[in-house]
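Colleague: I have just opened this entry and would like some help reading it. Could you take me through it step by step?

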Amino acid sequence: MSIYGDVYGGGSSGGGGGGGSGGPSASRALVRFTIPEAVANGSVQSVDWDAAVYDIGGWFDQPTNPSRLTVPTGISKIRVGTGLSYILMPITADCFANIRKNNAPEWHGVPQMSGSNDVFTNGSGVMWSPWVDVVPGDYFEVWVQHTHTTAEALDQDRSWFAIEGA
């Protein structure tokens, strides 16, 4: 059985979308940005997203909290992931990223990447959490840092943040 069948019980309840195409019919969101996202040298910062590719269930409140995906009512389990790609990051830079829950950098299941830029395959990397328990109102954010001597930017065409809930 797929992970969707394991978590969603094999059915197609609520949320709409995906049912006939073999995809899950669940609450989920995928967000991105439409212009490169600046990342200052040395600072640890959250990533602000400005566009929803889809938002089934009301996870993304871009005008109020552009960095967050917030667990809506009726969701008790999630998995969260991100794909990040720096524009022209030199191979000598160190890159760090994690997904914070309620602004806590450490939580059971936290996905994170760190190391020299080659760990990010020349500035790119993908990470996902396992399925974890949540309560409505919990929120998740992508936080990044790099050690290059100048500000860098995340690529708007290859960076994303996603969440699925059950």
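Modeller: Happy to! One yardstick before we begin: a residue is called buried under 20% relative accessible area, exposed over 50%, and partly exposed in between. Please also keep in mind that this is a predicted model.

Colleague: Thanks! Is R32 buried, partly exposed or exposed?

Modeller: The relative accessible area of R32 is 26%. Buried needs a value under 20% and exposed needs one over 50%, so a residue between those limits falls in the middle class. R32 is therefore partly exposed.

Colleague: Which residue does R32 form a salt bridge with?

Modeller: Start from strand β1, residues 27–32, where R32 sits. Its partner is 125 residues away, in the loop between β12 and β13. That partner is exposed, with a relative accessible area of 60%. The closest N and O atoms of the pair are 3.7 Å apart, and the residue that R32 bridges to is D157.

Colleague: How many residues apart in sequence are R68 and E141?

Modeller: These two side chains meet in a salt bridge, at 3.9 Å from N to O. R68 is partly exposed at 24%, whereas E141 is buried at 5%. R68 belongs to strand β5 and E141 to strand β11, so their bridge ties together parts of the chain whose separation in residues is 73.

Colleague: Are D138 and K101 buried or exposed?

Modeller: D138 and K101 form a salt bridge too, with N and O 3.8 Å apart. D138 lies in the loop between β10 and β11, while K101 is in strand β7, 37 residues away. As for accessibility, both residues are buried.

Colleague: How many salt bridges does the structure hold?

Modeller: We have met R32 with D157, R68 with E141, and D138 with K101. They are among a total of six.

Colleague: What does the secondary structure come to?

Modeller: Along the sequence, the pattern opens with α and then continues in β. Counted up, that gives one helix and 13 strands.

Colleague: Which residues touch the most other members of the largest nonpolar core?

Modeller: In soluble globular proteins, nonpolar side chains tend to be buried together. Here, 45% of the 166 residues are buried. The largest nonpolar core has 30 residues, and β1, β6, β7, β11 and β13 each give two or more of them. The members with the most partners within that core are W49, I78, F140 and F161.

Colleague: Which side chain does K77 join in a polar contact of 2.6 Å?

Modeller: K77 is in strand β6 and, at 35%, is partly exposed. Beyond its neighbours in sequence, K77 touches residues including W131, V134 and E164. V134 is 57 residues away along the chain, yet its C-alpha is 5.5 Å from that of K77. The 2.6 Å polar contact, though, is with the side chain of D133.

Colleague: One last puzzle: is S129 buried or exposed?

Modeller: S129 is in the loop between β9 and β10. Its contacts beyond four places in sequence are R79, V80, W107, G109 and P111. Its relative accessible area is 5%, and the limit for the lowest class is under 20%. S129 is therefore buried.

How values were computed:
Residues are numbered from 1 along each chain as its sequence is written. This is a predicted model: local features need pLDDT of at least 70, side-chain atom pairs count only at pLDDT 80 or more; totals for chains, interfaces and linings use all residues. Side-chain values use heavy atoms; hydrogens and water are left out. A salt bridge is a side-chain nitrogen of Lys or Arg within 4 Å of a carboxyl oxygen of Asp or Glu. Helices (H or I, at least four residues) and strands (E, at least two) are DSSP runs, numbered from the N terminus. Buried means under 20% relative accessible area, exposed over 50%, partly exposed in between (1.4 Å probe, protein chains only). A nonpolar core is a set of buried Ala, Val, Leu, Ile, Met, Phe, Trp, Tyr and Cys residues joined through side-chain atoms within 4.5 Å. Contact means heavy atoms within 4.5 Å. A polar contact is a pair of N or O atoms within 3.5 Å; within protein, one must be able to donate a hydrogen and the other to accept it, and residues adjacent in sequence count only if both atoms are side-chain atoms.
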